[in-house]
Amino acid sequence: MLFLNRRLSKSVWKPFRETLDQLKTFSLNNQTKIEFPQTDVTEFDELNQSLSKLIEHNVSVYKTQKEFTENASHELQTPLAILKNKLDILLQNEDLTEKQYHIAEEMNRALSRSSRINKNLLLLAKIENNQFDNSKIHLDELLNQSMEILQEHFDQKNISVHSEISSDIKVNGNIGLTEVLINNLILNAIRHTPINGSISIKLNNSVFEVSNSGTEKLNSDLLFKRFSRFSKDNNGSGLGLAIVKEICKSQNWTIDYRFENHNHIFSVKL
């Protein structure tokens, strides 16, 4: 009886298990179409029809939101560039009073930040739309180039840099996105490292790691969310780490954060 009961139960619940397996493989980013098979059970057929309608609606809403974000960011680029150019011309005007100059300068800073946010939102939309192709890249060469470019930022805060970069590290990824990932992680470390602090950069075949000195652990749940802030620094866009996470996802890497020995450590597992 026990054996027959198990066989019967397995047979009855087979359509439900198939539906569950289909749902586990579904992702809004990939937008793969799910086709549920017909069953001999009316209730399971009704469940599958309801799930199909729900998924179709969610995919439609998701596509609309992504298109809106991309189109809005793209259309804003031109007027923002024009305003920035006009403000630059205004700041060069010698007839401005000191008060007028400070007001224009504040406007210019706010506009520059708005432009950075807009560009980052557009980049996020492109990443989510899978608009970047991957190829073999030399990660060690790319990292060394970025560190040379960012050396001035290290010098400004008198930050000591310790690096352990293995040679001939080849990975599969997009060279432009990988450069953005490297720069965002290092700039984030510089921004949140106190004057005379230290930064450590490590690269080998399995991991790319950036760590900087700190005082207390950050909230891991909010760390990679858009517009999350952990300091009073308003120069950033609040999208740097969110972009890093999306780049890792698009290139099948994983990003982790931990706090050890008074150091914030961001690890990208390649």
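Two aromatic rings of Phe, Tyr or Trp are taken to form a pair if their centres lie within 6.5 Å. In the predicted model examined here, pairs of this kind link Phe-224, Tyr-257 and Phe-266 into a cluster. The overall form of the chain is described before this cluster and a number of single residues.

The chain contains eight helices and seven strands. Its radius of gyration is 25 Å, whereas the globule rule gives 18 Å for 270 residues; the value is well over that of the rule, so the chain is more spread out than a compact globule. The C-alpha trace spans about 90 × 45 × 35 Å along its principal axes. Of the 270 residues, 34% are buried. The area exposed by the chain is about 17,500 Å², and 50% of this area comes from carbon and sulfur atoms. Among contacts between residues at least 6 apart in sequence, 69% join residues that are at least 24 apart. The chain carries 32 positive and 34 negative charges, and the mean positions of the two sets are 6 Å apart.

A search of the whole structure finds three aromatic pairs. One of them is formed by Phe-224 and Phe-266, with 6.3 Å from centre to centre and 90 degrees between the planes. Planes over 60 degrees apart count as edge-to-face, so this pair falls in that class. Phe-224 lies in the loop between β5 (207-213) and α8 (240-250), while Phe-266 belongs to strand β7 (residues 263-269); the pair therefore ties together parts that are 42 residues apart in sequence. Both rings belong to residues with little accessible area by the cut-off of under 20% for a buried residue. The relative accessible area of Phe-224 is 14%, so Phe-224 is buried. Phe-266 has a relative accessibility of 4% and is therefore buried.

Phe-266 is also in contact with a residue of a helix. Asn-188, found in helix α7 (residues 175-191), is in contact with Leu-241 and Phe-266 when its neighbours within four places in sequence are left aside. Asn-188 counts as buried because its relative accessibility is 12%.

Asn-174 lies in the loop between β3 and α7. The relative accessibility of Asn-174 is 12%, so this residue counts as buried. Apart from neighbours within four places in sequence, Asn-174 is in contact with Phe-132, Asp-133, Asn-134, Ile-137 and Gln-251.

Contacts also connect two loops on either side of the sequence of α7. Lys-157 is found in the loop between α6 (151-156) and β2 (160-165), and Asn-196 in the loop between α7 and β4 (198-203). Not counting residues up to four places away in sequence, Lys-157 touches Ile-190, Arg-191, Thr-193, Pro-194, Ile-195 and Asn-196. Lys-157 and Arg-191 are 34 residues apart along the chain, and their C-alpha atoms are separated by 9.3 Å. Asn-196 has a relative accessibility of 53% and therefore counts as exposed.

The backbone was also examined for the sign of phi. Most residues other than glycine have a negative phi. Asn-196 has a positive phi, near 70 degrees, and is not a glycine. Asp-168, likewise not a glycine, has a positive phi of about 55 degrees. Asp-168 is placed in the loop between β2 and β3 (170-173).

Two further residues lie in earlier parts of the sequence. Glu-35 is in the loop between α2 (14-25) and α3 (42-91). With a relative accessibility of 58%, Glu-35 counts as exposed. The C-alpha atoms of Glu-35 and Thr-19 are separated by 9.3 Å, and the two residues are 16 residues apart along the chain. His-102 is located in helix α4 (residues 98-128). The relative accessible area of His-102 is 39%, so His-102 is partly exposed. Between the C-alpha atoms of His-102 and Leu-91, which are eleven residues apart along the chain, the separation is 9.2 Å.

Methods. Residues are numbered from 1 along each chain as its sequence is written. This is a predicted model: local features need pLDDT of at least 70, side-chain atom pairs count only at pLDDT 80 or more; totals for chains, interfaces and linings use all residues. Side-chain values use heavy atoms; hydrogens and water are left out. Helices (H or I, at least four residues) and strands (E, at least two) are DSSP runs, numbered from the N terminus. The radius of gyration is taken over C-alpha atoms; the globule rule is 2.2 Å times the number of residues to the power 0.38. Buried means under 20% relative accessible area, exposed over 50%, partly exposed in between (1.4 Å probe, protein chains only). Contact means heavy atoms within 4.5 Å. Accessible areas come from the Shrake-Rupley method with a 1.4 Å probe; for residues, only the protein chains shown count as cover. Lys and Arg count as positive and Asp and Glu as negative; His and the chain ends are not counted. The place of a charge is taken as NZ of Lys, CZ of Arg, CG of Asp or CD of Glu. Rings of Phe, Tyr and Trp (its six-membered ring) pair if their centres lie within 6.5 Å; planes under 30 degrees apart count as stacked, over 60 as edge-to-face and the rest as tilted.
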